[in-house]
Amino acid sequence: MIRGKNIVCLAMSPWEGDYMKASVQIMSVLARHNRVIYVEYQFTYKDIITGMLRGNSIPVKRILGINKRLRTIKLEDNTEINVLTAPPIYPVNWLPSGKIHHFFVKRNARILRKAIQRAVSSRDMHSPIVVNAFNPTYGLPLVGKLNEKLLLYYCYDEISHAKWCKKHGTGVEADFAAKADAIITTSAQLQQNKKAYNDQCFLVKNGVNLELFQQAYAQKQAADATDKPLTVGYLGTIDDRLDYELLAHCIEQLPDAQFHFVGREIYPQGKDRLKNYSNVTFFGAQSPEKLADYVAKFDIGLIPFVSNGFTQSIYPLKINEYLAAGLPVVMTNFGQVDDFKEIASITSQPDEFLAAIKQLAAHIKQPEEFAQATKKRLTFAASNSWDNRAEELSKVINQIIARKKTEFQKTY
């Protein structure tokens, strides 16, 4: 693990929230031995207005500077991490490409630069390692502006298929990634895609918060499951990645099973397709610390993704979360899923998906065999902890620093 470094993470995700975020998890681990400033999602003036009108939990006072924008947060293990809420910026995604868009991006970047520089100075964090977490729009105009020792692009989604940012993001990502010292990707498909931009492209897959999801396993072990109906669960965002026809097929064919959906609901059409079934319950978004209570009620975890340009590049966070809770997993063959072929049921057709659920339901009733399989799942998840991922990232960082030193010596 790297130690004694100054790290600034320019993220696209808020620090708090009702879903798990890779950037939050890995920075929380690195903060144990390094000084970290996490620059959370950059709220726009539009976010403030819509948040206030809809009653969303937007930290308006911090955004406007009424409350301190830079906070020191103490995590459960007493690790301290600095979280910066930047001043409001102008919404730009809706603008067409051109001079006006470029003007406001530059203005927003200036606002961010000044806020980050003030935060870095106040914490006496000189020459930081800058980790840009899927934020190339502001990564590009900030290259070299933060006196960074190292610049890494942490890419965890395929931007060309991300509806919310592909309009401007695809071209900007190519320019930014080429200027970074290295790209860190979270799936083999992403690594393959991004090597075209920068030959210093590494793979550090997503991990799992073991302690949190092992709580779900402990709760399951302590619970009395007598006469409990089979509960099939999905943990994650209810969005257009899910195959709703597949899910409807399974729900109809398993009327005695309960189907639980836990997560943000941002695709109303999908929820509408399923919500009227009597054996379906949507629990909505939940804060990370509450997730174990919901997962503990699952008997089987689902990853029912469609296969498209976006999902093919995903290493799903949820699989290791299910496995850390001891759950068997049924998933579609949506992309590069070879990592999981020995530990999960991977299917290609709706009938196969349904059959896999039925097979696992029968397996649950065979205690000795199921206990052996559960042990394998727990071991697999433990190998994919965020602690291990932070170690892998640390090795990459040390490798890139060593390479830069060698290049400097050759030049001079």
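Biologist: Which residue in β11 does Phe-259 stand opposite?

Modeller: In this predicted model, Phe-259 stands opposite Val-280 in β11. Local features here need pLDDT of at least 70, side-chain atom pairs count only at pLDDT 80 or more, and totals for chains, interfaces and linings use all residues. Residues are numbered from 1 along each chain as its sequence is written, while side-chain values use heavy atoms and leave out hydrogens and water.

Biologist: How do you know that β10 and β11 pair?

Modeller: Strand β10 (residues 258-262) and β11 share four bridges in the parallel sense, and pairing requires at least two bridges found by DSSP, so these strands pair. Strands are DSSP runs of E (at least two residues), and helices are runs of H or I (at least four), numbered from the N terminus.

Biologist: What makes β11 and β14 edge strands?

Modeller: The open, parallel sheet has six strands in the order β11-β10-β9-β12-β13-β14, and β11 (280-284) and β14 (345-347) each pair on one side only.

Biologist: Why is α12 called oblique to α14?

Modeller: Helix α12 (residues 317-324) packs against helix α14 (residues 367-383) at about 130°, with the axes 7 Å apart; angles run from 0 to 180 degrees between N-to-C directions, and axes are lines fitted to C-alpha atoms, for helices over the stretch in contact. Angles under 35 degrees count as roughly parallel, over 145 as roughly antiparallel and 65 to 115 as roughly perpendicular, with the rest oblique, and therefore α12 is oblique to α14.

Biologist: Which residues of α12 make the contact with α14?

Modeller: Asn-320, Leu-323 and Ala-324 of α12 meet Arg-377, Leu-378, Phe-380 and Ala-381 of α14, where contact means heavy atoms within 4.5 Å.
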